[in-house]
Amino acid sequence: GFGADNDLYINQAIVFIEDAIQYRSINHRVDSKSLWLYRWYYSRTCQWILGFTITIILALAFIEEPSSLTVTSDVRYRLPAWNPPCGLTESIELLCFLVFLLDVSVKSYLIGWKEFWKNKWLMAYILTLIVSLADWIVSLSFFCTESVRIRRILRPFFLLQNSSMMKKTLKSINSTLPEMASVVLLLAVHLSLFTMFAMLLFARTKDNQQDKEWAVYFRNLPDSLTSLLVLLTTANNPDVMIPAYSKNRAYSIFFILFTVLGNLFLMNLLTAIIYNQFRGYLLKSVQSSLFRRRLGVRAAFEVLSSLKETPANAQQLYVSAGALQQVLQKVEMDSRCKQTIMRSLKMCSCDQLSAAQFQKLFEELDKDSIMQHPPSPEYQSPFMQKMQFAFGHPYFGYLGNVVALANIISICVVLVLDADKQPSERDDFFLGAINCFFILYYLLEMLLKILAMGLRRYLSYPSNRFDGLLTVILLVSFLLT
């Protein structure tokens, strides 16, 4: 009926505004049951469960055979790694796959068949799950003795498809590849030309003593290519040219030319092209995200204007302020943003909002939040006011930085003096006295700042929270030792 229609429009507006906040597409089902499912799927709990499942399936690599997760890397002292019994990691995997199956089913249902066939990521998701489950069945039928496990290679895909940022990066790499191909081809030509020159320059001669360069680095085509490919990363520089350089200094010109052309010119050109393409793509991605946000807000306006409160013969569409307030109360969004929009709505003091006014209200979403710090306490006594002025002043903070620098210098001096001494010869009392002095200063500084600013204002600054926590840790560790 009439009321049910209004409730549906209100719920649709709530979801569209939440889509706008999260930069999501509005192409999904909008009947009342689907809207409930949609909000449940994108709730914090559901998304947290999905994130946790992805973490678990990726973390399995640390305990599955052939894991080498032990305390020491030295094979002589390393205990054999724990080998989980067959079926343990497989059971955890199956639970993860069931969560992913539920995830892909809900996602596919919500966007509808028409959108599903356009969404390549969802198709790839389903294919990955089918292959992974088939491999899982094969694994169990062999009682975990098979050597190739395809599903392990596919695991990172679950993380990839769940992160919009990673999808954007992948698209960007895809659009960058054609531009990169020309420079990579140029690098390949550079490498092959210099490989031929090297094989001609360091060919085998009758004198075995003179053939060290040929024997170690340029014996055949694969060796020559590998030597120069490694030189492109400068990992074997200057080792690769030492035998030839010992024989004749002029040989160094070949290696210098190769490195200058390859490293300083072609490699930098490659980096510049990748950076340029990424920057252009990022700009497009930000624009499309903002467009999705505007689309979500506009969709919310359209459904709210369908409520049976506006005059039917009006030339322009309007939304009542009351309906918008009703929607805002139910929308999950940042409390600061919500309060600002509510305040703007009250200040506007108009019963009907046009599309432009409606859009303007939601421009608050694009603004960064400016944190308001709590006020300092107000002291009555003149002495306390002077104290507050002195210890709340930025110069008092600068003094703290100077003392911290002095602390670092004193520790460095002690370390240099004690570097060659045996542990028994070191003067620990001097270091202890220095530590005691500085810790007491930090404690005093923290207490004076709290006195000047008040505890709430002091804690509202991240730098103060870090300083305070560090001071408490230093004090506890000093008392314990």
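A residue counts as buried when its relative accessible area is under 20%, as exposed when that area is over 50%, and as partly exposed in between. Keep this in mind as you explore this predicted model.

**Exercise 1.** Work out which side of helix H3 holds buried residues and which residues are exposed on the other side.

*Solution.*
- Step 1: Find the helix. H3 runs over residues 44-59 and has 16 residues. From first C-alpha to last it reaches 22 Å, close to the 22 Å expected.
- Step 2: List the buried residues of H3: Cys-46, Leu-50, Thr-53, Ile-54 and Ile-57.
- Step 3: Look around the axis. These residues cover an arc of only 95°, so they sit on the same side of H3.
- Step 4: Turn to the other side of H3, where Arg-44, Thr-45 and Trp-48 are exposed.
- Step 5: See what the buried residues pack against: helices H2 (32-41), H4 (88-116) and H7 (156-162).

**Exercise 2.** Trace the salt bridges of Arg-155 with Glu-64 and with Glu-93.

*Solution.*
- Step 1: Recall that side chains of opposite charge can pair when their charged atoms come close.
- Step 2: Take Arg-155 and Glu-64, whose side chains meet at 2.8 Å, N to O. Arg-155 is in the loop between H6 and H7, and Glu-64 is in the loop between H3 and H4, 91 residues apart.
- Step 3: Now take Glu-93, whose closest atom pair with Arg-155 (N and O) is also 2.8 Å apart. Glu-93 lies in helix H4, so this pair ties together parts 62 residues apart in sequence.
- Step 4: Check burial. With a relative accessible area of 5%, Arg-155 is buried; at 4% relative accessibility, Glu-64 counts as buried.

Definitions and conventions. Residues are numbered from 1 along each chain as its sequence is written. This is a predicted model: local features need pLDDT of at least 70, side-chain atom pairs count only at pLDDT 80 or more; totals for chains, interfaces and linings use all residues. Side-chain values use heavy atoms; hydrogens and water are left out. Helices (H or I, at least four residues) and strands (E, at least two) are DSSP runs, numbered from the N terminus. The expected span of a helix is 1.5 Å times one less than its number of residues. Buried means under 20% relative accessible area, exposed over 50%, partly exposed in between (1.4 Å probe, protein chains only). The arc is that of the directions from the helix axis to the C-beta atoms. Contact means heavy atoms within 4.5 Å. A salt bridge is a side-chain nitrogen of Lys or Arg within 4 Å of a carboxyl oxygen of Asp or Glu.
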